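I opened the file and kept notes as I went. Here they are, in the order I looked things up.

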Amino acid sequence: MSIEVKNGVLHIPGAEDKLRQKGMETPAFLQDYTLLDIETTGLSPYRDRVTELGAIKVRNGEIVDEYSHLVAYDKSNCVPAFITKLNGITEEKIINEGIPVAEAIHDFRQFIGDDVIIGYNVNFDLNFIYDLAKKYHLPELNNNYVDVLRLARAYYPKERHNRLIDCMQRAGIAQVEQHRGLDDSIDTKKVYDDFHAHFTPNLLVQAQKKIKNFSLTDEKLSPWQIGFRNPVNNKKIVLTDHLKMNLEDANKMIDNLGGQAQGRLAMETNYLILGDHDFFSRDNNDLNKAQELNHEGADIKHLSESFFLNMLDNWARS
C-alpha cells in the first residue's frame, strides 16, 4: 500500500496511530457549527501552551452561545513578552482570571460537541485542542472542519497575504485584530458570512479542488503539488531502523517530495528520524553519531517518528 494524501489527510500504512486522528476539511457554507479561536504561548503544541480558549456556537446562522476562558496551569503560566504585546494576556491575568486547564478543556470539548468546526487557519488550533483533549482523556477531537483561510485564498487568489486582518479590512469589518479568542471568533464569523454572501459556486469548487489528493510514493511530485510549506523539500533525511512506517515507501516519499533520503548520517544531513521510543533513549548509536557530527559543525535535528509524520500531515492539510 502506498503512502498518500486523501482529502487533505496523510495516510501512512503501518503508522496511522502516530498521527492525530483529526477530521477532514470540508469547504462549505453552513448554518449550524462551532467556530473557535485559541491563544497560545507559541506555535508548537509540543512545546507551547494554550492561554485562552474562545468559541461561538451558531445555529441557523446566528450566535446562540459563547465560550471564553483564560487557561491556568499548575506549574507555569509565564507568557512571552511578544505574546503579551500582541494580545494583552499576562501571567498575572491568567493566575487571577483563568480556570484550571483540566476544567477548561473539559468544558471546551463539551461546548464543541459533535459540531463541524470552523476557524481561520484552524488546523493550528485543532492541534493544540486535540492534544489537550487526549491528555485529559476526553472524546477524540475528530470533527470535520471548515478552514476560512481556504475560502480566502479562493476569493483573493492574487493576494500575497490572506490573514484574518487582511480579510477584515478588505470587507470593511474592522481595521485591527484583537488576538483574543472570543473576539477573533466573532470577527471570523463576520468574514465567513461575507464570503457566503459573495461566493459563486465556481469559487467554492476552486476551494475544494485545492485540498490535496495524490500518492506520495508513485512518482515525483510537481512543484504545485509540493507547495511552499512542504517540510521535506530540500532536506537530507536519515530514517532509522525502528520505525513503524515502511522504510522503502518512506524513502520514496521523501525523494518524491523534493527531499533526499540518505542511507547514513553525514555532515550535510538535516533530519534524523527516530522511533518514538528511541527518541528518548540515552544510548542510541544513531543519536550519538548525530551529536558527534553536530560537535564538528553539522546541524542535524533529531525528530521522533510521530513528530515527523504530524509535520507532514499538517502540510497535507494546508
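**Entry 1: threonine 188**

I looked up threonine 188 and got 2% relative accessibility, so this residue counts as buried, the cut-off being under 20%. The model is a predicted one.

I placed threonine 188 next: it is found in helix 7, residues 181-198. What does its side chain reach? I found the backbone oxygen of aspartate 184, at 2.7 Å. I then listed what threonine 188 touches, leaving out residues up to four places away in sequence. The list reads Leu35, Gly119, Tyr120, Val148 and Leu164.

**Entry 2: the open sheet**

I moved on to an open sheet of four strands. I read its order as 11-10-12-13, with parallel pairing. Strand 11 (260-262) and strand 13 (301-304) each have a single partner strand, so they stand at the edges and one side of each lacks a neighbour in the sheet. Ignoring direction, neighbouring strands here are turned by 30° against each other on average.

I checked one pair by itself. Strand 12 and strand 13 run in the parallel sense and pair over four bridges. Leucine 274 stands opposite serine 304 in strand 13. What packs on this sheet? I noted helix 12 (residues 285-295), which touches strand 12 and strand 13. The direction of helix 12 makes about 160° with that of strand 12.

**Entry 3: the largest nonpolar core**

I counted 28 residues in the largest nonpolar core. Which of them touch the most other members? They are Leu216, Met245, Ile273 and Phe308. Strand 10 (236-239), helix 10 (247-256), strand 12 (271-274) and helix 13 (305-317) each supply at least two residues of this core. Helix 13 gives the most, with six.

I followed up isoleucine 273, setting aside neighbours within four places in sequence. Its contacts include Ile237, Leu239, Leu243, Met245, Leu303 and Phe308. Thr240, Ser304 and Glu305 are also among them.

As background, I noted that nonpolar side chains tend to be buried together in soluble globular proteins.

**Entry 4: helix 10**

I started at the front end. There, a side-chain oxygen of asparagine 246 reaches to within 3.0 Å of the backbone nitrogen of glutamate 248.

Which residues of helix 10 are buried? I wrote down Asp249, Ala250, Met253, Ile254 and Asn256. They lie on the same side of helix 10, because they cover an arc of only 170° around the axis. Their cover includes helix 9 (223-226), strand 10, strand 11 and helix 13.

Last, I looked past the end of the helix. Glycine 258 follows helix 10, and its phi is positive, near 90°.

Note on methods: Residues numbered from 1 in each chain as written. Predicted model: local features only at pLDDT ≥ 70, side-chain atom pairs only at ≥ 80, totals over all residues. Heavy atoms only, no water. Buried < 20%, exposed > 50% of the residue type's maximum accessible area, 1.4 Å probe, protein only. Polar contact = N/O pair within 3.5 Å; in protein donor to acceptor, adjacent residues only side chain to side chain. Contact = heavy atoms within 4.5 Å. Core = buried A, V, L, I, M, F, W, Y, C linked by side-chain atoms within 4.5 Å. Pairing = 2+ DSSP bridges. Axes fitted to C-alpha atoms, helices over the stretch in contact; angles between N-to-C directions. Arc of directions from axis to C-beta.
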